[in-house]
Amino acid sequence: MGTFNKVLLATDLTPQSDNLLGCLVSLCPDVETEIVLAHVFDDDEDADPHGSEYKDTIEHLDGYKVKLQKHGYEEISVLTPQGDDADEVLNKIAEKQDVDLVMVASHGKGFFERTFHGSTTYDLAKDITIPLFIDRDDDDDNNDKLLANILVPTDFSKRSLEALNIIRSLREYVGKVHFLHVIEHSRDRQELRLKESDAEVQLEELVEELKVFGIDADFHISKGVASKRIDVMCERENISMIMLGRSGTGLNSALELGSTAENVILNVDRSILLLPADDNDD
């Protein structure tokens, strides 16, 4: 089996969420992966099994199922729960089904609309405790290129390097990995040089570790605000996906997401694999 043995693919039946099928094939090439297709009804009338909306939804989900079966996946189930709070419903499904990856699509809303009007994707990212993939690419043709140029931002903590196990398990499909370390604060030039020197040693070790597995990799050291430097890096290197560890506290005191992860999710236009913090990581 692969890294992800059971996956919850959550769809709102929009063209954007249709792209998740290709993303799943890229992230879970092992056809023994068990797949749970889920659509959350937020309206009682739409959830009526005798209604046209429900019938259309089932037909759409069955279409997803057929496409996945054509790729060779066999263990596929379909769920259509009802609830006003979609992210809460999806969290409960993920826990009950014991999945180890949740996949959702983001619809490109801007920062203020996400922050003040809410977003299932954003709310789910705040609450979920297992890996979460967020598709941010509107182009269905790019799904097979999801692993072409992976960005791994790291502060060298265990949580920020959780991506390594996934990358190694997908090594035959990975194009190139870019490690990025951002120095956000330094008192003077001497401290900056020391931090750069220390980071270079650790990044070289990471690159060499991946090369042992036959994976092309390089590293970058930057200075500034981490989320902004990640955004710049994505544009410069044509990054296809960010693998990002989460922990810490963001702008919201109830948010255990980390300010960098929070800002990347809100503002960086790239697909993201958000990885949970290691409970044993300081």
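**Briefing: helix α4, the ten-stranded sheet and selected side chains**

Helix α4 covers residues 86–97, and at 1.5 Å a residue its twelve residues should span 16 Å; the end C-alpha atoms lie 16 Å apart, which agrees with that expectation. The model is predicted. Its sheet is open and consists of ten strands with mixed pairing. The points below take up helix α4, the sheet, strand β1, helix α2, and several aromatic, cysteine and histidine residues.

**Helix α4**

- Buried positions in α4 are Asp87, Val89, Leu90, Asn91, Ile93 and Ala94.
- Asp98 follows α4 and has a positive phi, near 55 degrees.

**The sheet**

- The strand order in the open sheet is β3-β2-β1-β4-β5-β10-β9-β6-β7-β8.
- The edges are formed by β3 (76–79) and β8 (216–223); each has a single partner strand, so one side of each is left without a neighbour in the sheet.
- From one strand to the next, the twist averages 20 degrees.
- Helix α8 (residues 189–212) packs on the sheet, where it touches β7 (176–183) and β8. The direction of α8 makes about 165 degrees with that of β8.
- Strand β2 (residues 34–38) runs parallel to β3, and four bridges join the two. Ile35 stands opposite Ile76 in β3.

**Strand β1 and its partners**

- Strand β1 (residues 6–10) has five of its five residues buried, so the strand is largely enclosed by the rest of the structure.
- In a regular strand, side chains alternate between the two faces of the sheet.
- In β1, Lys6, Leu8 and Ala10 point one way, while Val7 and Leu9 point the other way; all are buried.
- Five bridges pair β1 with β2 in the parallel sense. Ala10 has Ala38 of β2 as its bridge partner.
- β1 also runs parallel to strand β4 (residues 101–105), to which three bridges join it. Opposite Val7 stands Leu101 in β4.

**Helix α2 and the cysteines**

- Helix α2 (residues 20–27) has six of its eight residues buried, so this helix is largely enclosed by the rest of the structure.
- Those buried residues are Leu20, Leu21, Cys23, Leu24, Ser26 and Leu27.
- Cys23 has 0% relative accessibility and therefore counts as buried.
- Cys234 likewise counts as buried, because its relative accessibility is 0%.
- The number of disulfides is zero, with a pair of cysteine sulfur atoms required to lie within 2.5 Å.

**The aromatic pair**

- The count of aromatic pairs is one.
- The ring centres of Phe41 and Tyr54 are 5.7 Å apart and the ring planes meet at 25 degrees, so the pair is stacked; the cut-off for stacking is under 30 degrees.
- Phe41 belongs to the loop between β2 and α3 (52–70) and Tyr54 to helix α3, so the pair ties together parts that are 13 residues apart in sequence.
- Phe41 counts as buried because its relative accessibility is 3%.

**His220 in edge strand β8**

- His220 is found in strand β8, one of the two strands at the edges of the sheet.
- With a relative accessible area of 15%, His220 is buried, the cut-off being under 20%.
- Apart from its neighbours within four places in sequence, His220 is in contact with His178, Phe179, Leu180, His181, Leu203, Met233, Arg236 and Glu237.

Methods: Residues are numbered from 1 along each chain as its sequence is written. This is a predicted model: local features need pLDDT of at least 70, side-chain atom pairs count only at pLDDT 80 or more; totals for chains, interfaces and linings use all residues. Side-chain values use heavy atoms; hydrogens and water are left out. Two strands pair if DSSP finds at least two bridges between them. Axes are lines fitted to C-alpha atoms, for helices over the stretch in contact, and angles run from 0 to 180 degrees between N-to-C directions. Contact means heavy atoms within 4.5 Å. The expected span of a helix is 1.5 Å times one less than its number of residues. Buried means under 20% relative accessible area, exposed over 50%, partly exposed in between (1.4 Å probe, protein chains only). Rings of Phe, Tyr and Trp (its six-membered ring) pair if their centres lie within 6.5 Å; planes under 30 degrees apart count as stacked, over 60 as edge-to-face and the rest as tilted.
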